[in-house]
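User: Please take a close look at the ligand site in this model. I would also like to know what surrounds it in the way of pockets, cavities and unusual backbone.

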Amino acid sequence: MQSVDVVVIGAGFAGLIASRELGRAGLEVLTLEARDRIGGRTWTDHRLGRDLEMGANWVHWVQPHVWAEMTRYSRGIVRSPRAEEASWHGADGTPRTGTLEEFMALIDEGQQLVVDDVREAMPRGVDPTNGAIRDLDRLSLQDRFDALDLDPEARAANESVWVGHVNAPLDQVGLSSALRWVAATGGHWQLMHEASATYRVVDGMRGFTDALAGDIPGEIRLNTTVISVTQNGAGSDAHAVVETADGARIRARRVISTLPVNAIAGIRFEPALPEVWRRQSTETVASQGTKVWLRAKGHLPRFFAYASQHHPLSVLKAEFYETDEQGDYTVLVAFGPDHTRIDLDDLAGVQAAVDAFRPGIEVTEVTAHDWMTDPLSRTTWMTHRPGQLTRDLAELQQPDGAVHFATTDNADLWGGFIDGAIESGLREARRVAEALLPH
Ligand SMILES: Cc1cc2nc3c(=O)[nH]c(=O)nc-3n(C[C@H](O)[C@H](O)[C@H](O)COP(=O)(O)OP(=O)(O)OC[C@H]3O[C@@H](n4cnc5c(N)ncnc54)[C@H](O)[C@@H]3O)c2cc1C
């Protein structure tokens with residue numbers, strides 16, 4: 001049986017960071033990844049005639065863990081196109097069109113009111129379970145909207161903005177997610193908007209994760225699915241045996257699982273996972289939406305558009321302008337709050353979903369990866385259900401014997417983002433190093 005110091009399960013950002021830290025500290029680390037590529041929920045793929053991000057797209061310098069890595073690997077940023085036009089749905093459900101400035105004026109008061117109590121609720125973004133959030137965590141984002149006395153036009157627009165952010169129907173998402181994101185941006189919702197959806201990484205996520213992987217001394221074994229982790233021994237003999245789908249058994253002094261909460265049931269743990277993991281993976285976290293790339297005829301205006309949270313797609317944005325032998329075309333990105341509401345094989349259905357935003361967009365092709373049905377993720381960018389944050393976060397961060405858990409799902413600051421994945425990888429690498437290396 002192969003024997004190593006540490007097995008890291010998963011080569012997304014959390015796993016790559018943990019592997020780099022421990023490998024460079026002198027430990028023998030083996031990273032096992034089920035997919036045929038690294039990156040996890042970041043994935044740059046060539047589709048619709050250009051490189052597209054099927055998963056995470058945007059980063060920002062207010063995300064401290066991401067930015068440290070961007071600096072380390074000399075990554076640049078490029079701005080997504082600034083919208084010249086905006087469309088949204090009015091209170092009567094029909095589309096309105098205006099300038100970006102008009103839309104921002106419409107949502108200004110509501111965006112502020114949704115998170116107005118953030119300084120009491122979550123005074124420190126790095127400590128998201130302390131503060132009045134303890135009492136507020138039972139509330140959904142929909143509860144918060146219902147309690148605000150917003151003008152119906154402004155309410156419709158504000159709800160559509162938030163459903164785009166949280167990637168799930170608003171009555172299923174904790175208010176905590178809105179508060180966390182704004183706590184992480186010093187209480188400024190405008191900065192939160194910029195941080196979460198403006199700057200892409202030059203050379204894509206693939207360039208970023210390739211640079212990171214090149215810095216890892218140990219082996220990253222692709223196409224290797226872990227099926228079980230069995231803990232044995234105690235004290236200085238504590239170890240785990242990791243079994244893979246192709247029958248290999250690897251002994252490790254420590255194991256770091258980087259599986260998302262929703263996907264962790266794909267591995268059999270012996271002894272069983274701590275109660276908190278079993279509970280939350282059965283409940284699942286709230287995020288359940290979809291991200292879709294569309295090709296449309298012609299060069300469309302630079303616009304973004306919102307529909308309501310009840311539509312299959314609730315956000316649509318012109319991202320890239322291209323030309324090929326068939327002529328000019330625009331590549332659009334769309335987000336919907338429920339992945340089951342849209343069938344990508346049904347172009348007429350997709351066209352109808354797009355027609356709800358604004359007229360004049362002719363969709364010719366559509367592509368996406370369904371992260372919700374993907375057994376290796378079963379989630380998009382994590383948002384919590386009401387109550388999950390304060391009930392579970394601290395416990396989800398705790399190691400269980402020789403098994404550690406690093407995932408964006410259990411990060412303190414930007415939980416659900418790449419930044420959170422890096423934070424969690426650093427945290428668990430430090431704990432493992434403290435346990436295995438002489439001080
Ligand atoms: C559509 C979409 C858009 C997003 N947009 C953004 C954005 O703009 N900005 C942002 O910061 N974040 C965004 N995110 C979130 C971001 O992608 C994630 O937070 C982050 O990549 C998670 O990293 P992770 O390492 O915690 O998990 P993952 O990337 O999910 O890594 C876990 C790894 O474990 C592997 N694995 C699973 N099971 C097994 C097994 N049994 N054996 C071996 N390997 C296994 C998986 O294949 C995967 O590689 C987005 C996510 C999605 C899906």
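Analyst: What follows starts with the ligand and then turns to a small sheet, the empty spaces and two backbone details. The model is a predicted one.

The ligand first. It has 37 residues around it, and those that come nearest are Glu33, Arg35, Arg41, Trp58 and Gly416. Two helices each supply at least two residues of this shell: helix H1, residues 13-24, and helix H14, residues 418-436. Sorted by class, the shell consists of 19 nonpolar, 14 polar and four charged residues.

Which atoms of Glu33, Asn57 and Gly416 face oxygen atoms of the ligand? For Glu33 the atom belongs to the side chain: a polar atom there lies 2.6 Å from a ligand oxygen. Gly416 uses its backbone instead, with an N or O atom 2.8 Å from an oxygen atom of the ligand. Asn57 also contributes through the backbone, where a polar atom is 3.1 Å from a ligand oxygen. How much of the ligand's accessible area does the protein cover? On its own the ligand has 1,000 Å² of accessible area, and the protein covers 98% of that.

Trp58, one of the residues that come nearest to the ligand, has a number that falls within strand E5 (58-59). This strand belongs to an open sheet of three strands, in the order E5-E9-E6 and with antiparallel pairing. The edges are E5 and strand E6 (77-79), each of which pairs on one side only. In general, strands of a sheet pair through backbone hydrogen bonds, either parallel or antiparallel. Here E6 is joined to strand E9 (residues 199-201) by three bridges, and the two run antiparallel. In one of the pairings, Ile77 has Val201 of E9 as its bridge partner.

Val201 leads on to the second largest pocket. Its space comes to about 200 Å³. Of the 16 residues that line this pocket, Asp51, Glu53, Arg200, Val201 and Gly204 are the closest to its centre. Which element gives the largest share of the lining? That is E4, with four residues. Strand E4 spans 50-53, and E9 and helix H10 (204-213) likewise supply at least two lining residues each. By class, the lining of this pocket has seven nonpolar, three polar and six charged residues.

Next, enclosed space. Rolling a probe the size of a water molecule over the atoms shows where empty space is left. How many cavities of 30 Å³ or more does a search of the whole structure find? The search finds one. The largest cavity holds about 40 Å³ of space, and its lining is made up of Ser177, Arg180, Trp181, Met382, Thr383, His384 and Gly415. Those residues divide into two nonpolar, four polar and one charged.

Finally, the backbone. Most residues other than glycine have a negative phi, and most peptide bonds are trans. Two places depart from this pattern. Glu270 and Pro271 are joined by a cis peptide bond, with omega at about -5°. Pro271 sits in the loop between strand E14 (268-270) and helix H11 (275-283). Asn223, which is not a glycine, has a positive phi of about 50°. This residue is found in the loop between strand E10 (219-221) and strand E11 (226-232).

Technical notes:
Residues numbered from 1 in each chain as written. Predicted model: local features only at pLDDT ≥ 70, side-chain atom pairs only at ≥ 80, totals over all residues. Heavy atoms only, no water. Near = heavy atom within 4 Å. Polar contact = N/O pair within 3.5 Å; in protein donor to acceptor, adjacent residues only side chain to side chain. Areas by Shrake-Rupley, 256 points an atom, 1.4 Å probe, with all protein chains shown as cover. Nonpolar A, V, L, I, M, F, W, Y, C, P; charged D, E, K, R; others polar. Pairing = 2+ DSSP bridges. 1 Å grid on protein atoms, 1.4 Å probe; cavity = no way out; pocket = protein on both sides within 12 Å on 5 of 7 lines; lining within 4 Å. Points joined across faces, edges and corners; volume = space filled by probe spheres on them.
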